[in-house]
Amino acid sequence: MMTSSSRHSGPMIMKSALNKERLYENLLASIEDGVVVLAPDNIILTFNQGAEGMIGVSEGMAVGNNLSSVISEQEVGSLAQKAYETGKSFSDNDLSIRKKDGSLVPVSLTASPLLDEEGKVLGTVIVLRDMRRIKALEDDLRHSDRLGTLGTLAAGLAHEIKNPLGGIKGSAQLLQEELGNDERLTEYTGIIIRETERVNRLIEELLDFANPRKLSLRPINIHKILDDNIFLLSEVAKIKGITVHKEFDPSLPMIKGDKERLSQVFLNIIKNAIEAVDKGGWLMVSTRMGTEYQMVEREGRKGVIVVEISDNGKGMTQKTLESLFTPFFSTKEKGSGLGLAISHRILKEHKGHIKIKSKAGEGTTVSVTLPVS
Ligand SMILES: Nc1ncnc2c1ncn2[C@@H]1O[C@H](COP(=O)(O)OP(=O)(O)O)[C@@H](O)[C@H]1O
Ligand SMILES: [Mg+2]
């Protein structure tokens, strides 16, 4: 004999009519989809929790009322009507329902006839599926798809441009030699050469973004990379009257990384900092072990290193902060907007990450974290 304390009460539930009703109630409440059951005159008989969430109306407010007073979209009513009249199911995967709070919820809807044992139509069952998450995923996919197409296009175009560009630069250099000491004219050839170099750099960046190279991981000394890049940019910094401070933690271990690619990351970041500060400003490049170090070490890993590049430049607005890593986003007249997008990807490939804090008018701190492997 089974008692109420039996842990194997499953089959009992199925046998008892009362419990069966409760089971269905629980079932309806557990379904994420919205389930609405209608009587022939479109009066709502059942309205589950999923429907409550999607439409923003409580069960108590819905049951006993006409469908149109709860869901004002006419398509829903007419699909329900069609299902009832024809005894067939109808779907619409591209509907939007306005919630009571005014927001629009994309849904996929199926209206099916509710049949009794003899196949007589008793009413209609509407099942609503919330498509918000799927729509967001689709948008993401479209975005990366577009980037993919854009990448292929950009790569093709870049190759086409590089050749004639080489011709222009070569000719301008020859011309410059011919002109000799005529400063008035060599100023023009100088512009041609500089600008072709700029276009060339832009194209290199674009190609890089379109077809990223595979990483070649070796033990590297991050301080050497930072020093090299600071040296590379020191002339520009000097001309602008910018002081570059360094604060390196000498106990920092070597990390495993791609020297070229990481060098590119820090060049981008330091260059951005130099471009952001006014004459007489400063920037600071510092390194340290990550604060997560202790915790990570206990887990058997060797920790993280942190490189921080701070400046007292113009900082960023909230809007800029939100778009930083979007390819081609730039607030600069001659910016490619690829520097941070590429850096972000390179760091991700190294299982590291980049964090940016900034305040308009005060300055910016870029923190790069890299794992010690
Ligand atoms: N240190 C910084 N200070 C202020 N703004 C910055 C800094 N670094 C990046 N930015 C902002 O982020 C944008 C994107 O940077 P990036 O991807 O390197 O492209 P670009 O330098 O070609 O504009 C810049 O246009 C600028 O608005
Ligand atoms: Mg940049």
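Here a biologist asks a modeller how the terms used for this predicted model are justified.

Biologist: What makes a local feature count in this model?
Modeller: The model is predicted, so the bar is pLDDT of at least 70 for local features and pLDDT 80 or more for side-chain atom pairs, while totals for chains, interfaces and linings use all residues. Residues are numbered from 1 along each chain as its sequence is written, and chains are lettered from A and ligands numbered from 1 in the order in which they are written.

Biologist: How many helices and strands does the chain have, and what makes a run count as one?
Modeller: There are 13 helices and twelve strands. These are DSSP runs, numbered from the N terminus: H or I over at least four residues for a helix, E over at least two for a strand.

Biologist: Why is Asp208 called partly exposed?
Modeller: A residue is buried with 20 or more other C-beta atoms within 10 Å of its own, exposed with 12 or fewer, and partly exposed in between; C-beta atoms are placed from the backbone. Asp208 has 18 C-beta neighbours inside 10 Å, so it is partly exposed. Asp208 sits in helix 8. Its C-alpha is 9.7 Å from that of Leu338, 130 residues apart along the chain.

Biologist: How much of the chain is buried?
Modeller: Buried residues are 21% of the 373 residues. In helix 13, the buried residues are Gly339, Leu340, Ala341, Ile342, Ser343 and Ile346. They pack against helix 8, helix 10 and strand 11. Packing rests on contacts: C-beta atoms, placed from the backbone, within 7 Å. Just after helix 13, Lys351 has a positive phi of about 60°.

Biologist: What makes a set of residues a nonpolar core?
Modeller: The members are buried Ala, Val, Leu, Ile, Met, Phe, Trp, Tyr and Cys residues, joined through C-beta atoms within 7 Å. The largest such core has 34 residues, and Ala273 and Ile309 have the most contacts inside it. Elements giving two or more residues include helix 8 (183-210), helix 9 (222-240) and strand 12 (363-371). Helix 10 gives the most, eight residues. In soluble globular proteins, nonpolar side chains tend to be buried together.

Biologist: How do you know that strand 1 and strand 5 pair?
Modeller: Pairing needs at least two DSSP bridges between two strands. Strand 1 (residues 34-38) and strand 5 (residues 121-130) have five, in the antiparallel sense. They therefore count as paired. One bridge sets Val36 opposite Ile126 in strand 5.

Biologist: Why are strand 2 and strand 3 edge strands?
Modeller: Their open sheet has five strands in the order 2-1-5-4-3, with antiparallel pairing. Strand 2 (44-47) and strand 3 (90-98) each have a single partner strand, so one side of each lacks a neighbour in the sheet. Neighbouring strands are turned by 25° on average, direction ignored. Helix 6 (residues 74-86) packs on this sheet, and its direction makes about 20° with that of strand 4. Axes are lines fitted to C-alpha atoms, for helices over the stretch in contact; angles run from 0 to 180 degrees between N-to-C directions.

Biologist: What makes the pairing mixed in the sheet with the order 7-9-10-12-11?
Modeller: This open sheet of five strands has mixed pairing. Strand 7 and strand 9 run parallel, joined by five bridges. Strand 9 and strand 10 run antiparallel, joined by seven. One pair in the parallel case is Thr243 with Trp282. In the antiparallel case, Met284 stands opposite Ser310 in strand 10. Helix 10 packs on the sheet, touching strand 9, strand 10 and strand 12.

Biologist: How do you know which residues surround ligand 1?
Modeller: The C-beta atom, placed from the backbone, must lie within 6 Å of the molecule. For ligand 1, 23 residues qualify, and among the closest are Asn272, Ala276 and Ser330. Helix 10 (259-276) and helix 13 (339-349) give two or more residues each. The largest share, four residues, comes from helix 10.

Biologist: What makes a residue of that shell nonpolar, polar or charged?
Modeller: Ala, Val, Leu, Ile, Met, Phe, Trp, Tyr, Cys and Pro are nonpolar; Asp, Glu, Lys and Arg are charged; the others, Gly among them, are polar. The shell has eight nonpolar, twelve polar and three charged residues.

Notes. Contact = placed C-beta atoms within 7 Å.
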